[in-house]
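Me: Could you take me on a close look at one helix in this model, and then show me what else is worth seeing around the chain? I work at the bench, so plain words are welcome.

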Amino acid sequence: MRGGTTFKAVVVEDETIILENIVKKIEASDAGFEVMAQAFNGRDGCEQLKRFRPDVLVTDIKMPIMDGMELIRQARASYPDMPIIVLSGYDEFNYARQAMRYGVMDYLLKPLDAAVLEETLHRVRDVIVPKNDQVERNWISAGLFGDRRETEIDFLTAHSGYQIFLVGLGHLCNHVTSLNRAPFYAAMWDRIDWQRAVGETAGETASWWLIDEKLSNQKFLIVAADERKAADVKLAAEKLKNRLIEIVKPYPVNISVPKRNAVTGSELWQVAQELRSGLENRTVLGRSSVICDTGELGREDDGANPMTVSVHNQLKALANVGHGEKLKQLLFQQFRLWNEKEFPQRKAEKAIIEIAERIALRDDRTERGESRDLEAGILEAISVAVDFDEVCQAVWGLLESALSAPSNVDDTAELSNKIERYLQMHYAEDISFEELAQSFHFTSAYLTKIFKKHKSETPLKYQIRLRIEEAQRLIAEHRELDLKIIAEMVGYYDQHYFSKVFKNHVGRTPTEFKTAMK
């Protein structure tokens with residue numbers, strides 16, 4: 001999004017006094033145009049277009065060597081989107097008609113009226129601002145993702161550099177949790193007034209762009225900045241972070257920035273990779289921060305890792321034999337130490353996942369898939385937690401559920417029977433299977449797997465079957481009841497959806513089934 005950008009104009013007119021008058025009126029306008037070059041004929045005008053690639057061409061018609069019509073034709077062939085304003089002392093219809101055929105924006109008569117020119121320049125600006133902004137945005141985005149084409153955009157901008165901020169809301173995600181939570185993060189991004197946030201950070205007139213990152217809770221904020229005059233990027237990031245924290249609280253905000261205040265367009269890919277690495281390696285659970293270093297925290301060889309080999313082995317041993325209370329006590333001690341030492345999220349996740357794997361696979365009782373389900377649940381819980389305490393409680397809740405999971409066929413059969421009885425009693429209600437799993441102290445993926453193993457269908461399909469069977473009974477035994485009422489009685493408040501589900505299971509619509517009952 002552009003701020004107070006100056007736009008470039010080239011003026012071509014063969015009469016010196018008139019030329020000077022046109023230039024003076026253009027630069028006196030508040031539309032933001034600067035005359036970069038002047039020419040006295042169309043041939044020289046073509047050369048100036050090649051040299052400056054202006055945002056707008058202002059040209060006379062009757063000129064020596066090459067007239068304005070030929071200049072317009074060549075300009076349109078080389079720069080098809082460039083706005084062109086035609087000036088002429090000739091008001092014949094043929095000139096205007098020919099000029100309009102070339103797609104000129106306006107045809108103004110001399111002597112030039114300043115107010116008319118002002119209005120035309122503002123219309124030109126309204127056309128080129130969004131077009132140039134989108135072109136530059138695409139160019140920046142291509143640079144950030146290593147997809148840069150050999151495209152020159154110097155004619156679009158006077159920016160000598162950019163300040164780059166990689167903003168992360170909440171904790172780090174992976175691609176699965178990012179996809180699952182995309183609507184949530186989209187709503188969170190929408191709460192941010194970026195114009196105000198950038199204005200407080202870089203000034204009201206700064207040009208800026210917000211570009212999506214690969215994960216839904218991360219975005220690049222790019223602010224145009226002259227390399228020699230750029231504000232301190234770390235100070236700007238601190239202001240931005242504090243502003244965003246107020247908007248998205250209680251979720252943390254982490255912003256990764258380069259060490260230098262501004263980077264050139266050719267450095268975008270390299271710097272973007274550095275910022276990604278910084279956010280990935282140095283985000284700490286439950287903390288908001290400005291990250292200005294891509295180095296990895298918590299390496300085993302630098303003394304910063306609070307997870308010693310001895311403690312790690314103890315945790316895995318306790319997990320392996322299922323000692324819940326001792327495991328919880330030692331694990332929460334480790335949680336507190338991680339928080340105190342600002343241990344990075346990714347390393348904490350790795351340690352937790354190793355413990356979870358030992359629990360899920362202890363005594364070879366379960367399959368590898370259950371270990372992956374538990375891992376996915378832990379990563380999801382960490383990514384959506386608002387603070388460190390919630391991370392600890394959520395992670396332990398999942399580990400505790402895994403510790404208490406049935407270890408033999410008889411136990412899992414009884415568990416599936418309990419789920420079946422629950423569904424039989426509550427099938428008409430809007431059941432959340434995530435909440436149902438929590439009530440049984442397991443993950444939804446585990447419950448679904450156990451239920452399908454013993455009942456040959458998923459809990460959701462079983463619930464639907466119960467609903468449709470009850471709907472059939474009600475239709476057959478209570479013909480006076482309206483189908484809409486029956487749909488609501490079995491849990492469907494959208495009659496069209498009820499009809500669709502009913503037909504999928506019975507082979508007839510509810511109306512057809514009721515007619516057949518007669």
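Reply: Happy to help; what follows starts with one helix and then moves on to other spots in the chain. Please keep in mind that this is a predicted model.

Let's begin with helix 21. This helix runs over residues 495–506. With 12 residues at 1.5 Å each, helix 21 should span 16 Å, and the distance between its end C-alpha atoms is 16 Å, which agrees.

Which residues of helix 21 are buried? They are F498, V501 and F502. Around the axis they cover an arc of only 100 degrees, so they sit on the same side of helix 21. The face turned away from that buried side carries the exposed residues H496, K500 and N504. As for what covers the buried residues, the list includes helix 19 (459–477), helix 20 (483–489) and helix 22.

Both ends of this helix deserve a look too. At the N-terminal end, D494 acts as a cap, with a side-chain oxygen lying 3.0 Å from the backbone nitrogen of H496. After the helix comes G507, which has a positive phi, near 90 degrees.

Now stay with F502 for a moment, and bring in the aromatic rings. The whole structure holds 15 aromatic pairs. In one of them, the ring centres of F502 and F513 are 5.6 Å apart and the planes meet at 65 degrees; an angle over 60 counts as edge-to-face, so this pair is edge-to-face. The partners are 11 residues apart, F502 in helix 21 and F513 in helix 22 (residues 510–517), and the pair links distant parts of the chain. Are these two partners buried or exposed? F502 has a relative accessible area of 0%, so it is buried. F513, at 9%, is buried as well.

There is also an aromatic cluster elsewhere, made up of F332, F335, W338, F343 and F388. One of its members has a charged visitor: K328 lies over the face of F332, at 5.9 Å from the ring centre. A second arrangement of this kind involves R181, whose charged end sits over the ring of F184, 4.1 Å from the centre of that ring.

For another helix to set beside the one above, turn to helix 9, residues 233–248. Its 16 residues, at 1.5 Å a residue, should span 22 Å, and its end C-alpha atoms are 22 Å apart, which agrees. The buried residues here are V233, A236, A237, L240, K241, L244, I247 and V248. Viewed down the axis, these residues fall within an arc of 135 degrees, so they line one face of helix 9. Among the elements that cover them are strand 6 (162–169), helix 7 (182–190), helix 8 (194–202), strand 8 (218–224), strand 9 (253–256) and strand 10 (289–291). At the start of helix 9, D232 places a side-chain oxygen within 2.9 Å of the backbone nitrogen of K234.

Strand 8, one of the covering elements, holds Q218. With a relative accessibility of 7%, Q218 counts as buried. Neighbours within four places in sequence aside, Q218 is in contact with L166, V167, G168, L172, W189, D212, E213 and L279.

Finally, a few backbone details. Most peptide bonds are trans, and most residues other than glycine have a negative phi. Where does the chain depart from trans? A cis peptide bond joins K249 and P250, with omega about 15 degrees, and P250 lies in the loop between helix 9 and strand 9. Another cis bond joins K110 and P111, where omega is about 0 degrees; P111 is in the loop between strand 5 (106–109) and helix 5 (114–144).

Two residues other than glycine are worth a look for their phi values. I65 has a positive phi of about 65 degrees and lies in the loop between strand 3 (56–60) and helix 3 (68–78). Its relative accessibility is 60%, so I65 counts as exposed. E342 has a positive phi near 55 degrees, and its place is the loop between helix 12 (324–341) and helix 13 (345–360). At 41% relative accessibility, E342 counts as partly exposed.

How values were computed:
Residues numbered from 1 in each chain as written. Predicted model: local features only at pLDDT ≥ 70, side-chain atom pairs only at ≥ 80, totals over all residues. Heavy atoms only, no water. Helix = DSSP H or I, 4+ residues; strand = E, 2+ residues; numbered from the N terminus. Expected span 1.5 Å × (residues − 1). Buried < 20%, exposed > 50% of the residue type's maximum accessible area, 1.4 Å probe, protein only. Arc of directions from axis to C-beta. Contact = heavy atoms within 4.5 Å. Polar contact = N/O pair within 3.5 Å; in protein donor to acceptor, adjacent residues only side chain to side chain. Phe/Tyr/Trp six-rings, centres within 6.5 Å; stacked < 30°, edge-to-face > 60°. Lys NZ or Arg CZ within 6 Å of the ring centre and 35° of its normal.
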